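This briefing sets out the overall build of a single protein chain and then turns to a few individual loop residues.

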Amino acid sequence: MSLHVRTVTDDAPADGDAWVRAASAGFLTPPEANPSGLEQRRERLDVPGSRPRGAFEGDRCVATLRSFDQRLTVVGGREITANAISAVTVLATHRRRGLLRRMMADDLAEARERGDVAATLIAAEYPIYGRFGFGAATAFTAWRVHAARSGLDPKWSLPASEGSLTFVDGAEVRKVGPELHERFRRGQPGAVDRSEQVWELRTGALWFGPDPWVEPFHVLYRDAAGMPQGLATFDTDNVWREGMPDGTASVRSLLATSPAVEALLWRFLLSIDWVATVDSGRTPPDSVLPLLLPNPRAARIREQADHLWLRPLDLPALLGARSYATEGELVLDVRDPLGLAEGRYLLTASPEGGLAAPTAREPDLTLPTSALAQLYLGDESAATLVAAGLADEGTTRAASRADLLFRTGRRPWCPDIF
(Lines give C-alpha, C1' and ligand atoms only; values in the text may rest on other atoms or scores of the structure.)
Protein backbone atom coordinates (compact mmCIF):
# COMPACT_ATOMS: atom_id res chain seq x y z
CA MET A 1 0.00 0.00 0.00
CA SER A 2 1.36 3.46 -0.92
CA LEU A 3 2.35 6.02 1.70
CA HIS A 4 0.96 9.57 1.66
CA VAL A 5 2.18 12.54 3.71
CA ARG A 6 -0.55 15.01 4.55
CA THR A 7 -1.53 17.69 7.04
CA VAL A 8 -3.91 16.61 9.80
CA THR A 9 -6.92 18.95 10.05
CA ASP A 10 -10.00 19.13 12.24
CA ASP A 11 -12.06 18.26 9.17
CA ALA A 12 -10.81 14.68 9.49
CA PRO A 13 -11.05 13.62 13.16
CA ALA A 14 -10.20 10.02 12.24
CA ASP A 15 -6.83 11.24 10.95
CA GLY A 16 -6.30 13.07 14.23
CA ASP A 17 -7.02 9.94 16.27
CA ALA A 18 -4.70 7.88 14.07
CA TRP A 19 -1.99 10.56 14.43
CA VAL A 20 -2.25 10.50 18.25
CA ARG A 21 -2.02 6.72 18.33
CA ALA A 22 1.02 6.77 16.04
CA ALA A 23 2.78 9.41 18.13
CA SER A 24 2.18 7.34 21.29
CA ALA A 25 3.51 4.20 19.62
CA GLY A 26 6.50 6.08 18.24
CA PHE A 27 7.47 7.24 21.74
CA LEU A 28 6.73 3.75 23.16
CA THR A 29 4.00 5.04 25.48
CA PRO A 30 0.84 3.02 26.13
CA PRO A 31 -1.85 3.58 23.48
CA GLU A 32 -4.73 5.81 24.53
CA ALA A 33 -7.69 3.52 25.29
CA ASN A 34 -9.87 6.21 26.88
CA PRO A 35 -12.00 7.91 24.17
CA SER A 36 -12.14 11.17 26.13
CA GLY A 37 -8.36 11.17 26.54
CA LEU A 38 -7.93 10.50 22.83
CA GLU A 39 -10.25 13.41 22.04
CA GLN A 40 -8.31 15.72 24.39
CA ARG A 41 -5.04 14.87 22.68
CA ARG A 42 -6.58 15.37 19.26
CA GLU A 43 -7.93 18.76 20.30
CA ARG A 44 -4.37 19.88 21.03
CA LEU A 45 -3.64 19.48 17.32
CA ASP A 46 -6.36 21.98 16.41
CA VAL A 47 -5.12 24.97 18.44
CA PRO A 48 -4.15 28.07 16.41
CA GLY A 49 -0.61 27.91 15.10
CA SER A 50 -0.38 24.11 15.38
CA ARG A 51 0.62 22.29 12.19
CA PRO A 52 0.45 18.48 12.56
CA ARG A 53 1.32 16.31 9.60
CA GLY A 54 1.61 12.58 9.24
CA ALA A 55 2.53 9.79 6.88
CA PHE A 56 -0.48 7.55 6.22
CA GLU A 57 -0.73 4.03 4.87
CA GLY A 58 -4.39 3.94 4.04
CA ASP A 59 -6.19 5.08 7.20
CA ARG A 60 -3.26 4.15 9.44
CA CYS A 61 -0.76 6.80 10.50
CA VAL A 62 2.83 5.50 10.62
CA ALA A 63 4.87 8.71 11.14
CA THR A 64 4.18 12.05 12.81
CA LEU A 65 5.52 15.59 13.06
CA ARG A 66 3.97 18.72 14.52
CA SER A 67 5.19 22.29 14.29
CA PHE A 68 3.83 25.39 15.99
CA ASP A 69 4.53 29.10 16.40
CA GLN A 70 7.20 30.05 18.92
CA ARG A 71 9.13 33.11 20.08
CA LEU A 72 12.81 32.68 20.95
CA THR A 73 14.85 35.20 22.95
CA VAL A 74 18.25 35.95 21.43
CA VAL A 75 21.35 37.71 22.73
CA GLY A 76 20.52 41.33 23.56
CA GLY A 77 16.91 40.65 24.58
CA ARG A 78 15.18 40.75 21.20
CA GLU A 79 13.05 37.82 20.06
CA ILE A 80 12.67 36.02 16.75
CA THR A 81 9.77 34.06 15.31
CA ALA A 82 10.55 30.37 15.25
CA ASN A 83 8.96 27.26 13.81
CA ALA A 84 9.05 24.86 16.76
CA ILE A 85 9.03 21.18 15.80
CA SER A 86 7.80 18.44 18.11
CA ALA A 87 6.25 14.95 18.19
CA VAL A 88 8.62 13.57 15.54
CA THR A 89 8.12 9.81 15.23
CA VAL A 90 8.41 7.05 12.65
CA LEU A 91 7.05 3.65 13.60
CA ALA A 92 9.71 0.94 13.81
CA THR A 93 7.84 -0.94 11.07
CA HIS A 94 8.26 1.91 8.57
CA ARG A 95 11.82 3.15 9.02
CA ARG A 96 14.29 3.88 6.19
CA ARG A 97 11.58 4.95 3.75
CA GLY A 98 12.33 8.69 3.74
CA LEU A 99 9.18 9.60 5.68
CA LEU A 100 10.89 11.94 8.15
CA ARG A 101 12.81 13.67 5.36
CA ARG A 102 9.59 14.29 3.42
CA MET A 103 7.75 15.68 6.44
CA MET A 104 10.69 17.76 7.67
CA ALA A 105 11.52 19.22 4.25
CA ASP A 106 7.91 20.23 3.64
CA ASP A 107 7.52 21.75 7.09
CA LEU A 108 10.77 23.75 6.93
CA ALA A 109 10.05 25.02 3.42
CA GLU A 110 6.62 26.23 4.52
CA ALA A 111 8.14 27.90 7.59
CA ARG A 112 10.69 29.73 5.41
CA GLU A 113 7.92 30.86 3.07
CA ARG A 114 5.82 31.97 6.04
CA GLY A 115 8.64 34.24 7.25
CA ASP A 116 9.91 32.32 10.28
CA VAL A 117 13.51 33.25 11.07
CA ALA A 118 14.57 29.86 12.45
CA ALA A 119 13.29 26.44 13.44
CA THR A 120 13.76 24.82 16.85
CA LEU A 121 13.37 21.40 18.42
CA ILE A 122 14.47 19.26 21.38
CA ALA A 123 16.37 16.27 20.00
CA ALA A 124 15.70 12.91 21.64
CA GLU A 125 18.53 11.35 19.61
CA TYR A 126 21.59 13.38 18.62
CA PRO A 127 22.49 11.95 15.17
CA ILE A 128 19.12 12.56 13.50
CA TYR A 129 18.75 16.30 13.00
CA GLY A 130 22.13 17.52 11.77
CA ARG A 131 21.31 16.22 8.31
CA PHE A 132 18.37 18.64 8.22
CA GLY A 133 20.53 21.64 9.14
CA PHE A 134 19.92 21.74 12.90
CA GLY A 135 22.64 22.20 15.51
CA ALA A 136 22.68 22.10 19.31
CA ALA A 137 22.37 25.73 20.45
CA THR A 138 21.94 25.35 24.23
CA ALA A 139 22.81 22.82 26.92
CA PHE A 140 21.93 22.11 30.56
CA THR A 141 23.48 20.74 33.73
CA ALA A 142 21.64 18.86 36.49
CA TRP A 143 23.11 18.92 40.01
CA ARG A 144 22.65 16.73 43.05
CA VAL A 145 23.35 18.70 46.24
CA HIS A 146 23.78 17.24 49.75
CA ALA A 147 22.15 19.82 52.00
CA ALA A 148 24.02 18.93 55.20
CA ARG A 149 27.40 19.17 53.46
CA SER A 150 26.65 22.41 51.64
CA GLY A 151 27.70 24.64 54.54
CA LEU A 152 24.45 26.63 54.42
CA ASP A 153 22.54 27.35 57.62
CA PRO A 154 19.79 24.68 57.84
CA LYS A 155 17.75 27.03 60.05
CA TRP A 156 17.71 29.84 57.47
CA SER A 157 14.50 31.76 56.90
CA LEU A 158 13.78 34.77 54.71
CA PRO A 159 13.89 38.11 56.57
CA ALA A 160 10.48 39.80 56.44
CA SER A 161 12.10 42.96 55.07
CA GLU A 162 13.16 41.07 51.92
CA GLY A 163 9.71 39.84 50.92
CA SER A 164 7.82 36.58 51.35
CA LEU A 165 7.94 32.91 50.40
CA THR A 166 4.54 31.21 50.08
CA PHE A 167 3.34 27.76 49.14
CA VAL A 168 0.71 28.21 46.40
CA ASP A 169 -1.49 25.87 44.38
CA GLY A 170 -1.71 25.29 40.65
CA ALA A 171 -4.49 27.84 40.19
CA GLU A 172 -2.27 30.57 41.66
CA VAL A 173 0.64 29.46 39.45
CA ARG A 174 -1.57 29.77 36.37
CA LYS A 175 -2.50 33.26 37.52
CA VAL A 176 0.97 34.71 38.24
CA GLY A 177 3.28 32.36 36.35
CA PRO A 178 2.84 33.59 32.75
CA GLU A 179 3.77 37.22 33.50
CA LEU A 180 6.65 36.14 35.74
CA HIS A 181 7.95 33.83 33.02
CA GLU A 182 7.79 36.59 30.40
CA ARG A 183 9.95 38.84 32.58
CA PHE A 184 12.41 35.98 33.03
CA ARG A 185 12.38 35.11 29.32
CA ARG A 186 13.16 38.63 28.14
CA GLY A 187 16.51 38.45 29.93
CA GLN A 188 17.45 34.86 29.05
CA PRO A 189 18.88 34.09 25.59
CA GLY A 190 17.68 30.67 24.48
CA ALA A 191 14.38 30.83 26.38
CA VAL A 192 11.08 30.37 24.54
CA ASP A 193 7.54 31.57 25.20
CA ARG A 194 4.93 29.41 26.91
CA SER A 195 1.33 29.00 25.81
CA GLU A 196 -1.63 28.83 28.17
CA GLN A 197 -1.75 25.10 27.47
CA VAL A 198 1.81 24.68 28.78
CA TRP A 199 0.80 26.21 32.12
CA GLU A 200 -2.24 23.93 32.28
CA LEU A 201 -0.04 20.87 31.68
CA ARG A 202 2.49 22.01 34.30
CA THR A 203 -0.20 22.43 36.95
CA GLY A 204 -2.50 19.48 36.25
CA ALA A 205 -5.41 21.45 34.78
CA LEU A 206 -4.67 19.45 31.62
CA TRP A 207 -3.12 16.02 31.98
CA PHE A 208 -2.56 13.16 29.52
CA GLY A 209 -0.33 10.85 31.56
CA PRO A 210 -1.22 7.18 32.04
CA ASP A 211 -0.93 7.65 35.83
CA PRO A 212 -3.03 10.06 37.91
CA TRP A 213 -1.73 13.61 38.27
CA VAL A 214 0.27 14.18 41.47
CA GLU A 215 0.35 17.79 42.59
CA PRO A 216 3.89 19.10 43.18
CA PHE A 217 4.86 21.83 45.62
CA HIS A 218 4.93 25.38 44.26
CA VAL A 219 6.77 28.10 46.24
CA LEU A 220 6.32 31.70 45.13
CA TYR A 221 8.70 34.48 46.12
CA ARG A 222 7.35 38.03 46.23
CA ASP A 223 9.66 40.97 46.87
CA ALA A 224 9.09 43.57 49.60
CA ALA A 225 6.74 45.47 47.24
CA GLY A 226 4.62 42.32 46.70
CA MET A 227 5.77 41.68 43.12
CA PRO A 228 6.30 38.01 42.11
CA GLN A 229 9.99 37.55 41.33
CA GLY A 230 10.60 33.81 41.62
CA LEU A 231 8.84 30.45 41.48
CA ALA A 232 10.14 27.00 42.37
CA THR A 233 8.20 23.79 41.67
CA PHE A 234 9.40 20.53 43.18
CA ASP A 235 8.47 17.01 44.32
CA THR A 236 9.65 15.12 47.39
CA ASP A 237 9.98 11.38 47.94
CA ASN A 238 9.56 11.45 51.77
CA VAL A 239 12.19 8.73 52.31
CA TRP A 240 13.29 7.71 55.84
CA ARG A 241 16.39 5.63 56.59
CA GLU A 242 17.23 4.13 59.96
CA GLY A 243 14.53 6.19 61.60
CA MET A 244 15.79 9.49 60.14
CA PRO A 245 14.37 11.63 57.30
CA ASP A 246 16.53 11.31 54.18
CA GLY A 247 14.32 12.71 51.45
CA THR A 248 15.12 14.26 48.09
CA ALA A 249 13.50 17.39 46.70
CA SER A 250 13.43 17.08 42.91
CA VAL A 251 13.07 20.44 41.20
CA ARG A 252 10.76 20.51 38.20
CA SER A 253 11.17 24.21 37.47
CA LEU A 254 12.88 27.23 38.97
CA LEU A 255 12.20 30.69 37.55
CA ALA A 256 14.01 33.75 38.85
CA THR A 257 14.09 37.29 37.50
CA SER A 258 17.61 37.93 38.84
CA PRO A 259 20.63 36.01 40.16
CA ALA A 260 19.81 37.22 43.68
CA VAL A 261 16.33 35.69 43.48
CA GLU A 262 17.78 32.45 42.10
CA ALA A 263 20.20 32.27 45.04
CA LEU A 264 17.34 32.87 47.47
CA LEU A 265 15.26 30.02 46.02
CA TRP A 266 18.17 27.56 46.12
CA ARG A 267 18.86 28.54 49.72
CA PHE A 268 15.21 27.92 50.59
CA LEU A 269 15.17 24.48 48.92
CA LEU A 270 18.33 23.46 50.80
CA SER A 271 16.85 24.47 54.15
CA ILE A 272 13.60 22.47 54.05
CA ASP A 273 13.18 20.06 56.96
CA TRP A 274 13.37 16.36 56.01
CA VAL A 275 15.15 17.21 52.74
CA ALA A 276 18.64 15.73 52.75
CA THR A 277 19.31 16.12 49.02
CA VAL A 278 18.20 18.54 46.33
CA ASP A 279 18.09 17.35 42.72
CA SER A 280 18.26 20.60 40.78
CA GLY A 281 16.71 19.35 37.55
CA ARG A 282 17.89 21.06 34.36
CA THR A 283 19.77 24.26 35.22
CA PRO A 284 21.84 26.56 32.98
CA PRO A 285 25.05 24.86 31.82
CA ASP A 286 27.05 27.47 33.75
CA SER A 287 24.72 27.53 36.75
CA VAL A 288 26.02 29.45 39.75
CA LEU A 289 24.45 26.89 42.09
CA PRO A 290 27.68 25.27 43.34
CA LEU A 291 29.32 28.68 43.82
CA LEU A 292 26.48 29.73 46.12
CA LEU A 293 27.50 27.01 48.59
CA PRO A 294 30.18 27.52 51.24
CA ASN A 295 31.22 23.98 50.27
CA PRO A 296 30.81 23.64 46.47
CA ARG A 297 31.89 19.99 46.67
CA ALA A 298 28.47 19.24 48.13
CA ALA A 299 27.15 19.63 44.57
CA ARG A 300 27.76 16.84 42.07
CA ILE A 301 26.88 16.89 38.39
CA ARG A 302 24.19 14.29 37.77
CA GLU A 303 23.67 14.94 34.06
CA GLN A 304 24.94 17.18 31.27
CA ALA A 305 23.57 17.28 27.74
CA ASP A 306 22.59 19.40 24.77
CA HIS A 307 19.06 20.76 24.82
CA LEU A 308 17.54 23.29 22.39
CA TRP A 309 18.48 22.75 18.74
CA LEU A 310 18.32 25.61 16.24
CA ARG A 311 18.08 25.72 12.46
CA PRO A 312 18.52 28.99 10.51
CA LEU A 313 15.86 29.79 7.92
CA ASP A 314 16.42 33.50 7.18
CA LEU A 315 20.10 34.38 7.61
CA PRO A 316 19.87 38.19 7.32
CA ALA A 317 17.01 38.35 9.83
CA LEU A 318 18.68 35.86 12.19
CA LEU A 319 22.09 37.58 12.21
CA GLY A 320 20.45 41.00 12.45
CA ALA A 321 18.29 40.13 15.45
CA ARG A 322 20.96 39.66 18.12
CA SER A 323 23.48 42.07 19.59
CA TYR A 324 27.24 41.49 19.53
CA ALA A 325 29.98 41.99 22.09
CA THR A 326 31.85 44.58 20.05
CA GLU A 327 31.96 46.22 16.63
CA GLY A 328 33.38 44.29 13.71
CA GLU A 329 32.89 42.71 10.32
CA LEU A 330 32.87 39.05 9.34
CA VAL A 331 32.12 37.29 6.06
CA LEU A 332 30.18 34.06 6.63
CA ASP A 333 29.74 31.50 3.87
CA VAL A 334 26.87 29.33 5.09
CA ARG A 335 26.05 25.92 3.57
CA ASP A 336 22.59 24.37 3.94
CA PRO A 337 21.86 20.66 3.30
CA LEU A 338 18.30 21.57 2.25
CA GLY A 339 19.23 24.75 0.38
CA LEU A 340 16.86 26.95 2.41
CA ALA A 341 19.30 29.34 4.11
CA GLU A 342 22.63 29.33 2.39
CA GLY A 343 24.70 32.11 0.98
CA ARG A 344 27.67 34.37 1.63
CA TYR A 345 26.98 37.36 3.85
CA LEU A 346 28.97 40.25 5.24
CA LEU A 347 27.99 40.64 8.88
CA THR A 348 28.46 44.16 10.22
CA ALA A 349 28.10 43.73 13.98
CA SER A 350 27.84 46.04 16.97
CA PRO A 351 26.42 46.01 20.53
CA GLU A 352 23.25 47.56 19.07
CA GLY A 353 22.67 44.77 16.56
CA GLY A 354 23.83 43.42 13.24
CA LEU A 355 23.33 43.81 9.51
CA ALA A 356 23.91 40.90 7.12
CA ALA A 357 24.16 41.68 3.41
CA PRO A 358 25.06 39.43 0.47
CA THR A 359 28.68 39.80 -0.59
CA ALA A 360 31.21 38.49 -3.09
CA ARG A 361 34.13 38.96 -0.69
CA GLU A 362 36.24 35.96 0.25
CA PRO A 363 34.78 34.21 3.31
CA ASP A 364 36.29 34.50 6.76
CA LEU A 365 34.40 31.42 7.96
CA THR A 366 32.73 28.70 5.91
CA LEU A 367 30.33 26.58 7.92
CA PRO A 368 27.08 24.62 7.67
CA THR A 369 23.85 25.83 9.25
CA SER A 370 24.31 23.28 12.04
CA ALA A 371 27.60 24.90 13.11
CA LEU A 372 26.14 28.41 12.81
CA ALA A 373 23.37 27.26 15.16
CA GLN A 374 25.99 26.25 17.74
CA LEU A 375 27.71 29.62 17.38
CA TYR A 376 24.68 31.88 17.15
CA LEU A 377 23.53 32.15 20.79
CA GLY A 378 27.09 32.09 22.11
CA ASP A 379 27.15 28.52 23.40
CA GLU A 380 30.05 27.32 21.27
CA SER A 381 33.39 28.84 20.26
CA ALA A 382 34.20 29.40 16.59
CA ALA A 383 37.77 28.34 17.35
CA THR A 384 36.48 25.03 18.73
CA LEU A 385 34.28 24.49 15.68
CA VAL A 386 37.29 25.04 13.41
CA ALA A 387 39.47 22.73 15.51
CA ALA A 388 36.79 20.01 15.29
CA GLY A 389 36.56 20.36 11.52
CA LEU A 390 33.00 21.71 11.68
CA ALA A 391 33.96 25.09 10.18
CA ASP A 392 36.74 26.30 7.89
CA GLU A 393 38.84 29.40 8.49
CA GLY A 394 39.41 31.39 5.28
CA THR A 395 41.36 34.34 6.65
CA THR A 396 43.91 34.79 9.40
CA ARG A 397 42.47 34.61 12.92
CA ALA A 398 38.91 34.58 11.57
CA ALA A 399 37.73 32.25 14.33
CA SER A 400 39.18 34.51 17.01
CA ARG A 401 37.45 37.52 15.46
CA ALA A 402 34.18 35.58 15.31
CA ASP A 403 34.50 34.70 18.98
CA LEU A 404 35.01 38.34 19.91
CA LEU A 405 31.67 39.07 18.24
CA PHE A 406 29.51 36.05 19.14
CA ARG A 407 30.62 34.95 22.60
CA THR A 408 28.64 36.05 25.66
CA GLY A 409 29.37 36.37 29.37
CA ARG A 410 26.84 33.67 30.28
CA ARG A 411 25.84 30.70 28.18
CA PRO A 412 22.32 30.52 26.69
CA TRP A 413 19.71 28.32 28.32
CA CYS A 414 16.26 26.96 27.54
CA PRO A 415 14.36 25.56 30.55
CA ASP A 416 11.51 24.12 28.47
CA ILE A 417 10.90 20.81 26.71
CA PHE A 418 8.37 20.85 23.87
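In the charge count used here, Lys and Arg are taken as positive and Asp and Glu as negative, while His and the chain ends are left out. On that basis the protein chain carries 47 positive and 55 negative side chains, and 3 Å separates the centres of the two sets. The model is a predicted one.

**Overall fold and dimensions**

- The protein chain contains 10 helices and 21 strands.
- Its radius of gyration is 23 Å, close to the 22 Å that the globule rule gives for 418 residues, so the chain is as compact as a globular protein of that length.
- Along the principal axes, the C-alpha atoms of the protein chain occupy a box of roughly 65 × 60 × 40 Å.

**Burial, contacts and surface**

- Of the 418 residues in the protein chain, 50% are buried.
- Among contacts in the protein chain with a separation of 6 or more, 72% join residues that lie 24 or more positions apart.
- The exposed area of the protein chain is about 19,400 Å², and carbon and sulfur atoms contribute 52% of this area.

**The loop between β10 and β11**

- Strand β10 spans residues 228–236 and β11 spans 240–241, with Val-239 in the loop between them.
- Asn-238 is also placed in the loop between β10 and β11; its phi is positive, at about 55°, although Asn-238 is not a glycine.
- Val-239 has a relative accessible area of 25%; because this value falls between the 20% limit for buried and the 50% limit for exposed residues, Val-239 is classed as partly exposed.
- When neighbours within four places in sequence are set aside, the contacts of Val-239 are with Met-244, Pro-245, Asp-246 and Gly-247.
- The C-alpha atom of Val-239 lies 9.0 Å from that of Val-275, a residue 36 positions away along the chain.

**The loop between α1 and α2**

- Helix α1 covers residues 13–26 and α2 covers 35–44; Leu-28 is located in the loop between these two helices.
- The phi angle of Leu-28 is near 55°, which is a positive value in a residue other than glycine.
- Leu-28 counts as exposed because its relative accessibility of 77% is over the 50% cut-off.

Note on methods
Residues numbered from 1 in each chain as written. Predicted model: local features only at pLDDT ≥ 70, side-chain atom pairs only at ≥ 80, totals over all residues. Heavy atoms only, no water. Helix = DSSP H or I, 4+ residues; strand = E, 2+ residues; numbered from the N terminus. Rg over C-alpha atoms; globule rule 2.2 N^0.38 Å. Buried < 20%, exposed > 50% of the residue type's maximum accessible area, 1.4 Å probe, protein only. Contact = heavy atoms within 4.5 Å. Areas by Shrake-Rupley, 256 points an atom, 1.4 Å probe, with all protein chains shown as cover. Charge placed at Lys NZ, Arg CZ, Asp CG, Glu CD.
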